[in-house]
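Ready for a little structure reading away from the bench? Work through each exercise with the model on screen, then compare notes with the solution below it.

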Amino acid sequence: MDDFKHLIKGMNTNYYGMLDQLVASKGRTFFGTYYSTLTGYIMRIRGYASVKNKADGYLEGALKSSFYIIPEHFRNVMTQYEGLKSSNWEREFP
């Protein structure tokens, strides 16, 4: 945020977290953390945007440019559709 504070003069600092989420959701590629609520919300916004913009994979319910860094075995779960199998409170679905 330090690089962009001059562009948002007068903005209440309580809104910086929400602004961070919006900026991160608009990137070409996003890497997040599986159990993070911040990452979850960014993935959700990216999912909505992928449908609106008809991004690659949106018809299959996939976010082709969104990945999880840790844990590594979840890295590509957003790149392909997978139906609900149990309670999955810790993640978003494309």
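**Exercise 1. Which helix is included in what covers the buried residues of α1?**

Before you start, keep in mind that this is a predicted model.

Step 1. Find the buried residues of α1: they are Tyr16, Gln21 and Ser25.

Step 2. Check one of them by its number. Residues under 20% relative accessible area count as buried. Gln21 has a relative accessibility of 14%, so it counts as buried.

Step 3. Look at what touches Gln21, which sits in helix α1. Setting aside neighbours within four places in sequence, its contacts are Leu38, Tyr41 and Ile42.

Step 4. Place those partners. Helix α2 covers residues 37–52, and the cover over the buried residues of α1 includes α2.

**Exercise 2. Work out how the two strands are arranged and how the chain gets from one to the other.**

Step 1. Start with the overall order. The chain has two helices and two strands, and along the sequence they follow the pattern α-β-α-β.

Step 2. Pair the strands. β1 is made of residues 30–33, while β2 is made of residues 66–70. They run parallel, joined by four bridges.

Step 3. Follow the connection. From β1 the chain passes through α2 and on to β2, giving a right-handed β-α-β crossover.

Step 4. Sort the faces of β1. Phe30 and Gly32 lie on its covered face, whereas Phe31 and Thr33 lie on the uncovered one. Thr33 also has a partner across the way: Ile70 of β2 stands opposite.

**Exercise 3. Which residues make the nonpolar surface patch, and how open are two of them?**

Step 1. Name the members: Met11, Tyr15 and Met18 form a nonpolar patch of about 290 Å² on the surface.

Step 2. Take Met11, in the segment before α1, a helix that covers residues 16–25. Its relative accessibility is 30%, so Met11 counts as partly exposed.

Step 3. See what Met11 touches. Not counting residues up to four places away in sequence, its contacts are Tyr16 and Leu19. Tyr16 is one of the buried residues of α1.

Step 4. Turn to Met18, which belongs to helix α1. With a relative accessible area of 46%, Met18 is partly exposed.

**Exercise 4. Find two backbone features worth a second look.**

Step 1. Go to the end of β2, residues 66–70. Ile70 and Pro71 are joined by a cis peptide bond, with omega at about -15°. Pro71 itself is in the segment after β2.

Step 2. Go back to the loop between α2 and β2, where you will find Lys54. Its phi is near 55°, a positive value in a residue other than glycine.

Step 3. Is Lys54 buried or exposed? Its relative accessible area is 57%, so Lys54 is exposed.

**Exercise 5. Describe the chain as a whole in numbers.**

Step 1. Extent: the C-alpha trace spans about 45 × 25 × 20 Å along its principal axes.

Step 2. Burial: of the 94 residues in the chain, 31% are buried.

Step 3. Surface: the accessible surface is about 6800 Å², and carbon and sulfur atoms account for 55% of that.

Step 4. Contacts: among those with a separation of 6 or more, 35% are between residues 24 or more positions apart.

Notes. Residues numbered from 1 in each chain as written. Predicted model: local features only at pLDDT ≥ 70, side-chain atom pairs only at ≥ 80, totals over all residues. Heavy atoms only, no water. Buried < 20%, exposed > 50% of the residue type's maximum accessible area, 1.4 Å probe, protein only. Contact = heavy atoms within 4.5 Å. Pairing = 2+ DSSP bridges. Right-handed = clockwise from strand over helix to strand, strands pointing away. Areas by Shrake-Rupley, 256 points an atom, 1.4 Å probe, with all protein chains shown as cover.
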